[in-house]
Every structure is written in structure tokens, then in C-alpha cells.
Amino acid sequence: MKIQGKMFIWLSFFILAMAVLYGLWSKEPVGTTALFMAFGLAIMVGYYLAFTARRVDAMAQDDKEADVADEAGELGFFSPHSWQPLSLAIGGAFAFLGVALDWWLMFFSLPIILIGIWGWVFEYYRGENQNQ
């Protein structure tokens, strides 16, 4: 995690330099603001990664002599059969169509999105997958 923190911090300084250069050269407020906001996001991520790297054990990516297999293992549990992302995608598509076409489409998208979120949160609290 140390190397990722350093990379993001260096990236943030590059973005800051480009924001200042762009702001002075173009005198365009929207792009300059976006670059300064990108600097803020990059410095937050870099600081978090550097701050967290001091409190966790060294990982294989921090060791120059490490092999690829040193970090092998289980990455986590991923649901192989969830239908909830499909429900959220359909609801999100209706919501974006509501922005593009007319606001009344939001009334159709909101229940679909809420059902998808509810189902995703409580997916493993009921039914055949209750004990996983």
C-alpha cells in the first residue's frame, strides 16, 4: 500500500501543477476548477493510502523481492447468482431516461431502485442462502 500512496501523492502534485498552468494559460474557470477538484481527490486518496499503510503489515507489493504468488489467496465472497444488480440497472436506466425525457419517469424508476437496494442488502438474510 505504500507504493500506491506515493503514486497518488505524486499524481496529485502533477495535477496541481497542470491546474495552475492551465488556469494561467487558458483563463477558463470550469476546467481549472475541475483540475483543482481532481487534485483534491488524488491527494485524499494518496493520504488515505499512505496513512493506512503505516498501520497495517507490509504486503507483498511493498517488497521488491516478492513473487506474484505471495499475495495469492481468497479475495472475498462474491455472489454468483444475484439478480439485484439487474434490478438496479433497470431502475437506473429509467432514472436517467427521466432526466433526459421528462421527470415523471422518476416515479417508475424509484420503486425499482428501492426494491433492488432492499433485495441486495437483505439477500443473504432469507431464502435458501440464509446461512452463507
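Helices (H or I, at least four residues) and strands (E, at least two) are DSSP runs, numbered from the N terminus. The structure is a predicted model, in which local features need pLDDT of at least 70 and side-chain atom pairs count only at pLDDT 80 or more, while totals for chains, interfaces and linings use all residues. Residues are numbered from 1 along each chain as its sequence is written, and side-chain values use heavy atoms, with hydrogens and water left out.

**View A. Nonpolar surface patch involving helices H1 and H2.** Phe-8, Leu-11, Phe-14, Met-18, Leu-21 and Val-45 make up a nonpolar patch on the surface, together offering about 500 Å² of accessible area. Patches consist of residues with over 30% relative accessible area and no salt bridge, like charges being joined within 9 Å and nonpolar side chains (Val, Leu, Ile, Met, Phe, Trp, Tyr) within 5 Å. Accessible areas come from the Shrake-Rupley method with a 1.4 Å probe, and for residues only the protein chains shown count as cover. A salt bridge is a side-chain nitrogen of Lys or Arg within 4 Å of a carboxyl oxygen of Asp or Glu. Helix H1 (residues 2-26) supplies the largest share of the patch, 5 residues, whereas Val-45 lies in helix H2. Val-45 counts as partly exposed because its relative accessibility is 35%; buried means under 20% relative accessible area, exposed over 50%, and partly exposed in between (1.4 Å probe, protein chains only).

**View B. Annotated transmembrane spans.** An unreviewed UniProt entry places the feature "transmembrane region" at residues 7-25, 31-51 and 107-125; such positions are given in the numbering used here, feature names are shortened, and annotations may be inferred rather than shown by experiment. Residues 7-25 are 100% helix and 0% strand, with end C-alpha atoms 27 Å apart. Residues 31-51 are likewise 100% helix and 0% strand, and their end C-alpha atoms lie 30 Å apart.

**View C. Met-37 and Lys-27.** Met-37, in helix H2, is exposed at 55% relative accessibility. Its C-alpha atom is separated by 9.5 Å from that of Ile-15, 22 residues apart along the chain. Lys-27 lies in the loop between H1 and H2 and is exposed, with a relative accessible area of 67%. Although not a glycine, Lys-27 has a positive phi of about 55 degrees. Most residues other than glycine have a negative phi.

**View D. The loop between H2 and H3.** Asp-63, located between helix H2 (29-53) and helix H3 (84-100), joins Glu-65, Asp-67, Asp-70 and Glu-71 in a negative surface patch. Asp-63 is partly exposed, at a relative accessible area of 42%. Phe-78 lies in the loop between H2 and H3 and is exposed, with a relative accessible area of 63%.

Technical notes
Lys and Arg count as positive and Asp and Glu as negative; His and the chain ends are not counted. The place of a charge is taken as NZ of Lys, CZ of Arg, CG of Asp or CD of Glu.
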